[in-house]
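Reader: I am in my first year and I would like a close look at one part of this protein. Please take the pocket, and then show me what lies around it.

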Amino acid sequence: MRTRAVFLPFMLLIFLLSVNNRLQSQGTRTLNVDSYFFISPLLAEISGMCYYDNHIYALNDGGNGAYIFKLDPETGELKEKYRFRNLRNRDWEELSVYQDYLYIGDFGNNRGQRTDLAIYRIKIDSLDYPEPPVAVSGMEYLTQEKEATPKSENEWDCEAMTVTEGGIFLFSKNRKDMITRMYHVRENTYNYLSPADSFNAGFLVTGAYYHPGDYSLFLCGYHKKESYLLHFKVSGEPGFSGEYTRYILPELVSTQVESVFVKGDYLYLASEK
């Protein structure tokens, strides 16, 4: 498996790895970076990215503006910056694409107390509009406690999402026990989230990508300064019932891997350092 990485100077990178190899074991294997490139410092806190029509689209997490950035997938050069007047970046954590739409995951929940979690869907050909039409899917966790939750006990945070023909799938960033929980979200309605599946990742899951052509689910994340990747072979929609391999990425030590997607023979990972 080869990997490509994307970096911004001092902060963020995109790594490329090959995805040609088939899964061989369920033990942890080493995955090395094949190449990398730096990206604009405007994406110093990149938290989500996806690939569409020969470009990478990316966003920053909470505390930043409501912007989408378009990048060259070979050089990382910034091509366009889109600002939305009708959206607020409360805590954007993921960006996915399905058909001609971008899906923005505004569901970061570090303190476990947010009640305004949402996913925004925007048609890609309307990104030039300062107030593009937006479809909103709201949500809350059925078991979320309303009182303050210590960060180390927070089970209701999420930074990973992928969108398929079957709907929107979220994967929790679970600080309590690092068991990621998968949630299935219905569009254009309010969702009460209950886990559809779970898996002991052993790290904090921060990015997800489903490859429909290969029936593969990829999850990336980190734990104790180490970066990891899970690759599941599934029979259909995303889930944890198939064969899997767990990788450690030694060249990404002390970086914060945030997102992942596949383009051709390469796996792209983005990290803020």
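Author: Here is the largest pocket, followed by the cores and three single residues.

This is a predicted model, where local features need pLDDT of at least 70, side-chain atom pairs count only at pLDDT 80 or more, and totals for chains, interfaces and linings use all residues. Residues are numbered from 1 along each chain as its sequence is written, and side-chain values use heavy atoms, with hydrogens and water left out.

Start with the space itself. A pocket is found on a 1 Å grid over the protein atoms alone, as an open set of points where a 1.4 Å probe fits, with protein on both sides within 12 Å along at least five of seven lines. Its volume is the space filled by probe spheres set on the points, which are joined across faces, edges and corners. The largest pocket holds about 340 Å³.

Now the walls. Lining residues have an atom within 4 Å of a point. There are 22 of them in the largest pocket, and Val 97, Val 163, Tyr 209, Tyr 210 and Pro 212 lie nearest its centre. By class, 16 are nonpolar, 4 polar and 2 charged. Here Ala, Val, Leu, Ile, Met, Phe, Trp, Tyr, Cys and Pro count as nonpolar, Asp, Glu, Lys and Arg as charged, and the others, Gly among them, as polar.

Strands 5 (46–52), 9 (94–98), 13, 18 and 22 (256–263) each supply at least two lining residues. A strand is a DSSP run of E, at least two residues, numbered from the N terminus.

Next, the cores. A nonpolar core joins buried Ala, Val, Leu, Ile, Met, Phe, Trp, Tyr and Cys residues through side-chain atoms within 4.5 Å. Buried means under 20% relative accessible area, exposed over 50%, partly exposed in between (1.4 Å probe, protein chains only). The largest core has 18 residues, and Phe 171 and Leu 217 are among those that touch the most other members. Strand 18 gives two or more residues to this core, as do strands 14 (167–172), 19 (216–223) and 20 (226–233). Another core, of 17 residues, lies apart from it and includes Tyr 57 and Trp 92.

Finally, look at three residues on these strands and their loops. Asp 53 sits in the loop between strand 5 and strand 6 (55–60). Asp 53 counts as exposed because its relative accessibility is 56%. Its phi is positive, about 50°, although it is not a glycine. Lys 224 lies in the loop between strand 19 and strand 20. Lys 224 is exposed too, at 69%. Glu 226 belongs to strand 20. At 26%, Glu 226 is partly exposed.

Methods. Helices (H or I, at least four residues) and strands (E, at least two) are DSSP runs, numbered from the N terminus.
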